[in-house]
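Biologist: I'd like a close look at one part of this protein, and then a walk outwards from there. Could you show me the model and keep the language simple?

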Amino acid sequence: GISNDDIPQIFHFSAVWQIPGPHLHGFANRALKGWELTSITTWQGGFPFTIFSGVDNSLSGIGGDHADYTGGGSPKLSGQSHAQEITQFFNTSLFAKNALGTFGNSQKNNLRGPNFHDTDLGLIKDTAITERMKLQFRAEFFNLFNTVNFGLPGGTLGNPKYGKITTAGDPRILQLSLKFVF
């Protein structure tokens with residue numbers, strides 16, 4: 001089966017821009033020079049996950065039996081709103097408990113979870129104090145656009161979370177720091 005960390009589509013974009021400062025003297029020069037803007041943007045497909053039967057019908061004593069795929073259509077649902085996605089991410093009626101004495105016929109990691117989108121941004125200001133010392137101010141925004149990145153849906157039959165998404169990634173986080181470099 002597919003590896004747990006398989007992501008066939010991924011796009012990373014990172015940039016660093018040293019903002020040009022005006023040619024001034026005195027306090028205005030120190031305040032307006034030395035700024036830098038950084039960003040990292042990631043767009044990627046979802047992680048794969050497996051549908052488990054929730055019972056040990058293989059009689060192996062190990063557990064982890066896969067569900068039986070009953071067929072009759074694609075498990076992937078499309079055109080759903082976020083509200084519909086979290087209550088039923090895939091067609092749960094297409095899976096059943098595995099037959100007694102079998103490990104289940106559905107493959108390992110046969111479905112993919114939600115896509116992931118994130119943009120982080122940093123604004124940095126270096127101010128020289130002496131030749132060997134400087135003060136650095138940083139303002140960092142993680143998940144700048146406050147994009148909701150859902151976790152994987154429940155994949156075990158009989159579990160109340162089966163087919164539902166109950167987790168999400170971090171919301172927007174702002175971090176300010178001041179660092180003295182010597």
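Let's start with one residue: is Asn-109 buried or exposed, and what relative accessible area does Asn-109 have?

Modeller: Before anything else, keep in mind that this is a predicted model. Now to your residue: Asn-109 has a relative accessible area of 4%, so it counts as buried, the cut-off being under 20%. You'll find Asn-109 in the loop between strand 5 and strand 6.

The backbone there has a quirk too. Most residues other than glycine have a negative phi. Asn-109 is not a glycine, and yet its phi is positive, at about 50 degrees.

Stay in that loop for a moment and look at Gln-107. Gln-107 sits between strand 5 (95-96) and strand 6 (111-112) as well, but Gln-107 counts as exposed because its relative accessibility is 58%, and the cut-off for exposed is over 50%. What does Gln-107 touch, if we skip residues up to four places away in sequence? The answer is Thr-50 and His-66.

There's another positive phi to look up, in another loop. Leu-59 is a residue other than glycine, and its phi is near 60 degrees. Leu-59 lies in the loop between strand 3 (48-49) and strand 4 (68-69). With 64% relative accessibility, Leu-59 counts as exposed. So the two positive-phi residues I've picked end up with opposite labels: Asn-109 is buried, whereas Leu-59 is exposed.

Now follow the chain from your loop into strand 6, where Arg-112 makes a salt bridge. Arg-112 pairs with Asp-6, and their closest N and O atoms are 2.4 Å apart. This pair ties together distant parts of the chain, since Asp-6 belongs to the segment before strand 1 and Arg-112 to strand 6, with the two positions 106 residues apart in sequence. Both partners count as partly exposed: Asp-6 has 29% relative accessibility, and Arg-112 has a relative accessible area of 28%.

Further along comes strand 7, which covers residues 116-128. Strand 7 is a good place to see how strands line up. On one hand, strand 2 (residues 35-44) is joined to strand 7 by 10 bridges, and the two run antiparallel. You can check individual partners on screen: Ile-40 is matched with Asp-120, and Trp-43 is matched with His-117. On the other hand, strand 7 pairs with strand 8 (residues 134-142) over 8 bridges, again in the antiparallel sense. Here Ile-124 has Arg-138 as its bridge partner. Strand 7 and strand 8 form a hairpin, with 5 residues between them.

Strand 2 has a link to strand 1 too. Strand 1 (residues 10-18) and strand 2 run antiparallel, and 9 bridges join them. Among the partners are Ser-14 and Ile-40. Ile-40 is worth clicking on, then: its bridge partners include Ser-14 and Asp-120. A general point helps when you look at such strands: in a regular strand, side chains alternate between the two faces of the sheet.

Back to the hairpin, where we meet more salt bridges. The structure holds 3 of them. One of these joins the side chains of Lys-134 and Asp-126, at 3.7 Å from N to O. Lys-134 counts as partly exposed because its relative accessibility is 30%, and Asp-126 is partly exposed at 29%. Another joins Glu-140 to Arg-138, with 3.1 Å between the closest N and O atoms. Glu-140 is buried, at 14%, while Arg-138 is partly exposed, at 23%.

Asp-126 also gives us a way to see how far we've walked from your loop. Gln-107 and Asp-126 are 19 residues apart in sequence, but 53 Å apart in space from C-alpha to C-alpha.

One last stop is empty space rather than atoms. The largest pocket holds about 240 Å³ of space. Its lining is made of 21 residues, and those nearest its centre are Phe-116, Asn-149, Phe-150, Ala-168 and Gly-169. Which element gives the most to that lining? It's strand 7, with 3 residues. Sorted by class, the lining has 9 nonpolar, 9 polar and 3 charged residues.

Note on methods:
Residues are numbered from 1 along each chain as its sequence is written. This is a predicted model: local features need pLDDT of at least 70, side-chain atom pairs count only at pLDDT 80 or more; totals for chains, interfaces and linings use all residues. Side-chain values use heavy atoms; hydrogens and water are left out. On a 1 Å grid over the protein atoms alone, a cavity is a set of points where a 1.4 Å probe fits but cannot get out, and a pocket is an open set with protein on both sides within 12 Å along at least five of seven lines; lining residues have an atom within 4 Å of a point. Grid points are joined across faces, edges and corners, and a volume is the space filled by probe spheres set on the points. Helices (H or I, at least four residues) and strands (E, at least two) are DSSP runs, numbered from the N terminus. Ala, Val, Leu, Ile, Met, Phe, Trp, Tyr, Cys and Pro count as nonpolar, Asp, Glu, Lys and Arg as charged, and the others, Gly among them, as polar. Buried means under 20% relative accessible area, exposed over 50%, partly exposed in between (1.4 Å probe, protein chains only). Contact means heavy atoms within 4.5 Å. Two strands pair if DSSP finds at least two bridges between them. A salt bridge is a side-chain nitrogen of Lys or Arg within 4 Å of a carboxyl oxygen of Asp or Glu.
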